[in-house]
Amino acid sequence: MIRVALLPGDGVGPEVLPVARRALEIAGADNHVDYVFEELPWGADHFLATGETLPEGELRRLRGDADAILLGALGDPRVPGNEHARDILFGLRFGLDLYINLRPIKLLHPGLCPLKPRPDGIERVIDMVVFRENTEGAYVNIGGSFKRGTPDEVAINEDLNTYKGVKRIVRAAFEYAVERGRHRVTMCDKANALAYAHGLWRRVFAEVAAEFPFLKTEVEYVDALAMKLVRHPEHYAVIVTSNLFGDILSDEASALIGGLGLAASANLHPGRPGMFEPVHGSAPDIAGSGTANPMAAVLSAALLAEHTGAPRVAAALEGAVAAALAEGVATPDAGGAGSTAEVGDWICERIERGP
Ligand code: NAD
Ligand code: IPM
Ligand code: MN
């Protein structure tokens, strides 16, 4: 039995998450994995009604009671300061010390890549993973403001980097490369400008790389990498980077494989319950229109299955999404004309029927 805490959240979250849940239930039943869901109400509605974001004690309970967390998205125009979203999302990432934010970028159908064909005519194979540091960097909320709202305002957000924190994410990227037979690890930083913080990243990267002499390694500045990602995406296999750069690069990279509607993520700390969520947010511009792409949520559920010991369930989910794309069954963001419900039903029926 795998106990999954389900947090649909806001906006399109509650529209796409039921598809992911159903996909897990069907593929689980086929593979003798029993998924048991506990749905939690945390999000903007609950916050506006009760003032509660992530209730005291819930982290401790989840650590004991859940094997994984599946989250939709958080963010609502009625909470312009985003305080509930930060409390819940960062509460889970930081509170459970989920230091690895693993974001695969895999092209599941050639038609989804917006780049023009390669000059040599070879079909593009885009298959990389971004290892985003997930518990420190610019996200630690250390800082403050002074003389707020006046022309003399000073605003500070510190960028915190620790030897331990950098080392564990860099090591996770290398270990993943070895386990998955990936030949290259690229570290992305801005050491030419942020000499202290990213000087540390460079030293740690060299130290860890020395333990893996059989892997190709390289360091690239974030500005150049952002450009090369578009020009030669095939070059990259594993990219390891800081919290903020990983956030930005993963949205950019998602555009290479069909957009945010197809980008999944896993927040991990080996040995603890992980949290799985689409890379996209609550998409208030399309929420309620029935057009949200459920594929990122289904692919996030596939990551959940993979990381809770059910690779066949993961393969069934990913295979069904790829099959939908091959058949042209997709929402408008991915070039189709289907609704969330139509695409979701197709994917679930495909899982039920088998390939
Ligand atoms: P967003 O990811 O919600 O949307 C960006 C664009 O992508 C929009 O045009 C949207 O329509 C489109 N898009 C996103 N998901 C889609 C899907 N499944 N199908 C089709 N199109 C999709 O980013 P944003 O607009 O910058 O943020 C909206 C809110 O979500 C904000 O409050 C933000 O803080 C929050 N957010 C939350 C998370 C999270 O909970 N993990 C992630 C990102 C943003
Ligand atoms: C993501 C999101 C969040 C982040 C936001 C909502 C704070 O963009 O998960 O990528 O920056 O981590
Ligand atoms: Mn983001």
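What follows is a walk through a two-domain chain, from its domain interface to single residues and salt bridges. The model is predicted.

Start with the overall layout. The domain assignment splits the chain into domain 1 (1–106 + 263–355) and domain 2 (114–256). Domain 1 is thus written as two stretches of sequence, 1–106 and 263–355. The centres of the two domains, taken over C-alpha atoms, lie 24 Å apart. Where they touch, domain 1 contributes 19 residues and domain 2 contributes 24 residues.

Now put a size on that contact. The size of an interface is often given as the accessible area lost when the parts come together. Here domain 1 and domain 2 bury about 1,800 Å² between them. Carbon and sulfur atoms account for 57% of that area. On the side of domain 1, look for Y99, R103 and I105. These three supply 39% of the area that domain 1 buries against domain 2, more than any other three residues.

Polar links also cross the interface. There are 2 salt bridges between the domains. The count of residue pairs in polar contact between domain 1 and domain 2 is 10, with both residues at pLDDT 80 or more. Which elements give two or more residues to the side of domain 1 that touches domain 2? They are α4 (83–95), β4 (100–106) and α9 (295–307). Strand β4 gives the most, with 7 residues. By type, the residues on this side of domain 1 divide into 10 nonpolar, 4 polar and 5 charged.

Helix α4 deserves a closer look. Its buried residues include H84, A85, I88, L89 and F90. G91, L92 and R93 are buried in α4 too. After the helix comes D97, whose phi is positive, near 55°. The side chain of D97 meets that of R168 in a salt bridge, 2.8 Å from N to O.

R93 leads on to strand β11 (residues 264–268), where N267 lies. The side chains of N267 and R93 are joined by a polar contact of 3.3 Å. Is N267 buried or exposed? N267 has a relative accessible area of 0%, so it counts as buried. Beyond its neighbours within four places in sequence, N267 is in contact with several residues, among them R93, L98, I100 and N101. N134, G274, M275 and E277 are also in contact with N267.

H84 of α4 leads in another direction, to D76. D76 sits in the loop between β3 (68–73) and α4. Leaving aside neighbours within four places in sequence, D76 is in contact with D10, A44 and H84. Its relative accessible area is 15%, and buried means under 20%, so D76 counts as buried. The side chain of D76 reaches the backbone nitrogen of R78 at 2.7 Å.

Next, take helix α9, which holds A297. A297 is buried, with a relative accessible area of 1%. Residues up to four places away aside, A297 touches V16, L17, A20 and P278. Helix α1 (residues 13–30) also holds E25. E25 is partly exposed, at 34% relative accessible area. The C-alpha atoms of E25 and L54 are 27 Å apart, although 29 residues separate them along the chain.

Finally, follow the salt bridges through the chain. The structure holds 23 of them. One joins R21 and E39, with the closest N and O atoms 3.9 Å apart. R21 lies in helix α1 and E39 in strand β2 (residues 35–39), so this pair ties together parts that are 18 residues apart in sequence. R21 is partly exposed at 26% relative accessibility, whereas E39 is exposed at 52%.

A second bridge pairs R118 with E234 at 3.4 Å between the closest N and O atoms. This pair links distant parts of the chain, 116 residues apart. R118 is in the loop between β4 and β5 (127–133), and E234 is in the loop between α7 (222–231) and β10 (238–241). R118 is partly exposed at 23%. E234 is partly exposed at 24%.

A third bridge joins E220 and K228, with the closest N and O atoms 2.8 Å apart. E220 is buried at 8% relative accessible area, while K228 is partly exposed at 30%. Salt bridges can also share partners: E38, E58, R61 and D65 are joined into one network in this way.

Terms used: Residues numbered from 1 in each chain as written. Chains lettered and ligands numbered in written order. Predicted model: local features only at pLDDT ≥ 70, side-chain atom pairs only at ≥ 80, totals over all residues. Heavy atoms only, no water. Domains from an automatic or database assignment. Contact = heavy atoms within 4.5 Å. Buried area = accessible area lost by both parts, 1.4 Å probe. Salt bridge = Lys/Arg side-chain N within 4 Å of Asp/Glu carboxyl O. Polar contact = N/O pair within 3.5 Å; in protein donor to acceptor, adjacent residues only side chain to side chain. Helix = DSSP H or I, 4+ residues; strand = E, 2+ residues; numbered from the N terminus. Nonpolar A, V, L, I, M, F, W, Y, C, P; charged D, E, K, R; others polar. Buried < 20%, exposed > 50% of the residue type's maximum accessible area, 1.4 Å probe, protein only.
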